[in-house]
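User: I would like to learn how to read sheets, helix packing and pockets in a model. Can we work through one together?

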Amino acid sequence: MRTKSLKKNKINVITLGCSKNVYDSEVLMGQLRASGKDVTHEAPEAEEGNIIVINTCGFIDNAKAESVNMILEYADKKERGLVDKVFVTGCLSERYRPDLEKEIPNVDQFFGTTELPQLLKALGADYKHELLGERLTTTPKNYAYLKISEGCDRPCSFCAIPLMRGKNVSQTIEKLVKEAEGLAKNGVKELILIAQDLTYYGLDLYKKRNLGELLEALVKVEGIEWIRLHYAFPTGFPMDVLEIMKREPKICNYIDIPLQHISDSILKSMRRGTTQEKTTKLLKDFREAVPGMAIRTTLIVGYPGETQEDFNILKDFVQEMKFDRMGCFAYSHEENTHAYLLEDDVPDTVKQERANEIMELQSQISWDLNQEKIGQTFKCIIDRKEGGHFVGRTEFDSPDVDNEVLIDASKHYVKTGEFVMIKIIEATEFDLYGQPV
């Protein structure tokens, strides 16, 4: 057993899972930095520090496995004397803490999703209330996530998020505007609004769906040029948001609206509170209100009881709707959810085949839509330089999940973090190639 190292403590934060976790890690790091701590995010091994904080995801099987593997990796590094302490926080820790404590005793402490002050104390830092909205961003300097609410009140049968994140709690408009102003001062030009459910924003605070009013306040923040909407639930969508999107150039003509399925029997079992007819009308209303808007969705295949007929209905819908962007997931049978009471009766191989089939359909749709962009010019934000290309995005694309615009760095120079007008000269199903004009 070695003695504790005498080197100065350095805290390395590792983030797994979704953008909500990225945001939480940034808040944690901002607090640590304010307490004078040496903190880094996902540093390479040579510089990774001696205290590790792993912010975990516990959403579906693959994500849980990734989180557990990461914890085991660092528990082993601690055993071998390569790091001094390992702390675990986030959704997996919230959901399975007693099991994790028993199975991986080498971790110093586990914390839930609402225990930031306790985690900071364990790291020798104080929780500073006055640091409202201040954080150490980990994204490229030109964009940042803005979490407008936490938790979810929806009863979806397949989803474990309310178990890990609790009920919906909205942030006030004043606090979010202040946070956006701070980000803009640091050079952020694009805000990506995230929540478990944007549609629900404000119901707890203002007794009405108040996303529209929040957007009206955020567009006034100087320095912010793009505002992007992620994770809007289809039921009860506040339609005034579309009028603001059309009127306000700062709000990207883009929406991420996870539909999950379209067969009425599956939607009912999923407890989504909508039907195929209502959903189809909603999407048509979107496209009429904001012509040319990009719609991203996610779908789940292999949900309990999904028949070939249900799947065919979903395929026809995908073909008809021609979504600009899409993700498709095989259903994961999660304990303590309503759907866990149902028999997980679609074989894993069938789930995977169906997911592949949907993504193949989408790949063709994406190819066709991208070919139409050749010859057009778009305002793009340049995120980074990678290999021989500068990598940017149009307003119709979110970072990490959507299309990218690639500019040949051997022929053209563009400045990262800036907006540039780019003419599209070539396109594949998931990337556009362009040159500055």
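User: In which sense do strand β1 and β2 pair, and over how many bridges?

Analyst: A word first: this is a predicted model. Now the general idea. Strands of a sheet pair through backbone hydrogen bonds, either parallel or antiparallel. Here β1 (residues 11-15) and β2 pair in the parallel sense, over three bridges. Take one residue as a guide: Val13 has His41 in β2 as its bridge partner.

User: What is the strand order in the sheet that holds β2 and β1?

Analyst: Read it across: β2-β1-β3-β4-β5. These five strands form an open sheet, and the pairing is parallel.

User: Why is one side of β2 and of β5 left without a neighbour in the sheet?

Analyst: β2 (39-41) and β5 (109-110) stand at the edges with a single partner strand each, so one side of each has no neighbour in the sheet.

User: Which strands does α1 touch?

Analyst: α1 packs on this sheet and touches β1, β2 and β3 (51-56). Check direction too: α1 makes about 170 degrees with β1. Helix α3 (residues 91-103) also packs on the sheet, touching β3, β4 and β5. The direction of α3 makes about 125 degrees with that of β4.

User: What is the strand order in the six-stranded open sheet?

Analyst: The order is β6-β9-β10-β11-β12-β13, again with parallel pairing. Its edge strands are β6 (143-147) and β13 (325-330), each pairing on one side only. From one strand to the next, the twist averages 20 degrees.

User: How many bridges join β6 and β9?

Analyst: Five, in the parallel sense, with β9 covering residues 190-194. Tyr145 stands opposite Ile192 in β9.

User: Which helices pack on that sheet, and what do they touch?

Analyst: Helix α6 (residues 173-185) touches β6 and β9, and its direction makes about 165 degrees with that of β6. Helix α9 (residues 240-247) touches β10 (226-229) and β11 (251-256). The direction of α9 makes about 140 degrees with that of β11.

User: How do I read a helix pair, say α6 and α8?

Analyst: Look at axis distance, angle, handedness, then residues. The axes of α6 and α8 (residues 211-218) come within 10 Å and cross at roughly 35 degrees. The crossing of α6 past α8 is right-handed. From α6, the contact uses Ile173, Leu176, Val177 and Ala180. From α8, it uses Glu213, Leu214, Ala217 and Leu218. By class, that contact has seven nonpolar residues, no polar ones and one charged.

User: Now pockets. How much space lies in the second largest pocket, and which residues lie nearest its centre?

Analyst: Start with volume, then lining. The second largest pocket holds about 770 Å³ of space. Its lining has 33 residues, with Asp24, Val27, Thr113, Leu116 and Tyr127 nearest the centre.

User: Which element gives the most to this lining?

Analyst: α1 does, with seven residues. The elements that each supply at least two residues are α1 (19-34), β4 (85-90), α4 (116-122) and β7 (149-150).

User: What is the chemical make-up of the lining of the second largest pocket?

Analyst: The lining divides into 12 nonpolar, 13 polar and eight charged residues.

Terms used: Residues numbered from 1 in each chain as written. Predicted model: local features only at pLDDT ≥ 70, side-chain atom pairs only at ≥ 80, totals over all residues. Heavy atoms only, no water. 1 Å grid on protein atoms, 1.4 Å probe; cavity = no way out; pocket = protein on both sides within 12 Å on 5 of 7 lines; lining within 4 Å. Points joined across faces, edges and corners; volume = space filled by probe spheres on them. Helix = DSSP H or I, 4+ residues; strand = E, 2+ residues; numbered from the N terminus. Nonpolar A, V, L, I, M, F, W, Y, C, P; charged D, E, K, R; others polar. Pairing = 2+ DSSP bridges. Axes fitted to C-alpha atoms, helices over the stretch in contact; angles between N-to-C directions. Contact = heavy atoms within 4.5 Å. Left-handed = near helix turned anticlockwise from the far one by under 90°.
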